[in-house]
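Notebook open, coffee poured. I wanted to look up what sits at the centre of this model and how its parts meet.

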Amino acid sequence: MANLEVELVGLRLETPLIGASGTFGYGLEYGGLVDYRAYGAVVAKTVTLRPRAGNAPPRIADVGDGILNAIGLENVGIEAFVREKLPQIDLPCRLFASIGGETVDEYRQLAAAVSGKPRVDAIEVNVSCPNVAQGGMAFGRDPAATQEVLRAVRAETGLPVIPKLPPLITGLGDVAEAACEGGADALVIANTYPGMVIDIARERPVLGNLSGGLSGRAIRPISLLLVWQVVEAVNVPVIASGGIERAEDALEYVLAGASAFEIGSVILRDLGAATRIVAGIRTFMEAKGYARIDDFRGRARPGHTAHRGS
Amino acid sequence: MTASSPRAVRSRIIGSEKLRAGFYLLRLDAPEIARAYTPGQFVLLRGLAPGWPYLGRPFSIYRSDQDATIEIVYKVVGRATTVMSGLTEGEYEVLGPLGKGFALRPGCTRTVALAGGAGLPPVACYCERYVGVLDEVTLVVGAKTAQDLLVPVGMLAQGIDLRLFTEDGSKGAKGTVVDGLVRFLGELVGGARAVQVIACGPREMLSEVARVCRDSCVPCDVSVEEVMACGLGACLGCAVPRMGGGYLHACKDGPVLDAAMVDWESWKS
């Protein structure tokens, strides 16, 4: 029987499948409609120091092979997250908090606020939101700024620290390395791609924010290449994120060297996606005779150079 | 009104018919949803046919039949509804019932229900459900022309005071749904006490209805529409500007909202 457990940043995860931030709310909204036993972890909605109202609507555009979103980090703020949301979260998998700051000091304060909370197993550091005017991607596109954020967070917490990086930047490898030097325990590659759609009848951009972040199957081959490249560049586990909808998609990322993977947009169209993906991975492993994920992780690489364990 | 927990089901198409140019009725086998919904609640439908875009689409429930099937009425406006109009057999992924529906306000004995264009389904659903409960139900249905006018013919005999309006006067009275509301309020003897307005239709219409109701001190609930993804309050995609700042979410706070809670000025289409 294939075993899907993985060791990631010192945590045992039941499966390598992780629910991506922004698509699972605070881990409460789907109620019994999602079977979280298929999940290794869920990443809660990114929280900021103060509550944020988010962007003007429309915030979502369906582009056929994916979606553009410009939510704008609407969230209840760190105080309400810790006081009201966290105590209610009861999932049979790991919970990662996600934090987003406008300054290095905000990241530091946020890391301090979620540390030592019994439910939080790791911190995802969002340095890649494409839909906010301050912070977000402005950090993640700059190696020095990313490193500064990571150092500040690292100094504040004993929890595993996992930055989520932006995809469409020059020198992603440099940012990835800088994040690791700053103390990252793993990297998520990558957030959504900045994009736009225009309503030709109304002759203006569809989204209230004008642009948004593209996700879904449309981006998968591009993110796969980024994962391939970053796995080569760093010595920490890489968590893949980008257009995974089927077991086959996840397997591509694992064969490229990813230690785990996030699903996001697909949950918005199919609440049973994770169960289906995990079952498909199990079928693949049994057909190939693999007992564990590590048995085939990185096997698509010439010389099979994937990082071993964590 | 808070309803029972939503279900994710696969539903077979029982019927699909063209009502008039651009408007279709879809009947689905969905007993769990048919038994559980309240008027104004909606379902997210995702077609399993080729050509379907990415996300499901929200539709208010129009009516149900013997706790076995649900019906929705939709207008073809884009990719998803175009695919739907060509689907006469097969299945949909259905999530529902979702959101908050229309509630009877305490002390309310008369409702004037306003339906503009494709906004008829949730409003007609309300009328059908409460016609015997309320003392008086007036249903005002409006459209640009007779061609665009959806008429719930099956309800005429049920004691609903049905009033039709077209902007060009090609059917019913000449004017808009808002004219119908103004006329109704003008006919009231002894003020608007115990009257409740409900409405669904284009955003501009709802905004006008909200203004008239505010000026007349009549409570008004509207069923709103905004581009939506998860339908369950997780993704925060379907934001509706809230009076006084911030946002409501159509899927969870709505789709039925107190019209006074919406910042209509900020929510222009």
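**Core.** I began with the largest nonpolar core, which has 192 residues. By my definition, such a core is a set of buried Ala, Val, Leu, Ile, Met, Phe, Trp, Tyr and Cys residues joined through C-beta atoms within 7 Å. A residue is buried if 20 or more other C-beta atoms lie within 10 Å of its own, exposed if 12 or fewer, and partly exposed in between, with C-beta atoms placed from the backbone. A:Ile123, A:Leu187, A:Val227 and B:Val209 have the most contacts inside this core. Domain 1 (7–98) and domain 2 (110–266) of chain B both give residues to the core, so it lies between them. The domain bounds come from an automatic or database domain assignment.

**Ground rules.** A note to self: this is a predicted model, so I kept local features to pLDDT of at least 70 and side-chain atom pairs to pLDDT 80 or more, while totals for chains, interfaces and linings use all residues. Residues are numbered from 1 along each chain as its sequence is written, and chains are lettered from A and ligands numbered from 1 in the order in which they are written.

**B:Val209.** I listed its contacts, leaving aside neighbours within four places in sequence; a contact means C-beta atoms, placed from the backbone, within 7 Å. Among the partners of B:Val209 are B:Leu114, B:Val178, B:Cys220 and B:Val222.

**Strand β13 of chain B.** Two of those partners led me to β13(B) (residues 220–223), where B:Cys220 and B:Val222 are buried on one side and B:Asp221 and B:Ser223 are buried on the other. Helices (H or I, at least four residues) and strands (E, at least two) are DSSP runs, numbered from the N terminus. Which strands flank β13(B)? I count two strands as paired if DSSP finds at least two bridges between them. β12(B) (residues 195–200) runs parallel to β13(B) and is joined to it by 4 bridges, with B:Cys200 opposite B:Ser223. β16(B) (residues 256–258) is antiparallel to β13(B), with 3 bridges, and here B:Ser223 stands opposite B:Val256. Helix α5 (residues 203–216) of chain B completes a right-handed β-α-β unit with β12(B) and β13(B). Right-handed means that, with the strands pointing away from the viewer, the path from the first strand over the helix to the second runs clockwise.

**Strand β8 of chain B.** Here 6 of the 7 residues of β8(B) (residues 110–116) are buried, so the strand is largely enclosed by the rest of the structure. It pairs in parallel with β9(B) (residues 136–143) over 7 bridges, and B:Gly116 faces B:Gly142 there. β8(B) is also joined to β12(B) by 6 bridges, again parallel, with B:Thr111 opposite B:Gln196. Helix α3 (residues 120–130) of chain B joins β8(B) and β9(B) in a right-handed β-α-β unit.

**Domain contact in chain B.** The centres of domain 1 and domain 2 of chain B, taken over C-alpha atoms, are 21 Å apart. I found 20 residues of domain 1 in contact with 18 residues of domain 2. β6(B) gives the largest share of the domain 1 side, 4 residues. That side divides into 15 nonpolar, 2 polar and 3 charged residues. Ala, Val, Leu, Ile, Met, Phe, Trp, Tyr, Cys and Pro count as nonpolar, Asp, Glu, Lys and Arg as charged, and the others, Gly among them, as polar.

How values were computed
Contact = placed C-beta atoms within 7 Å.
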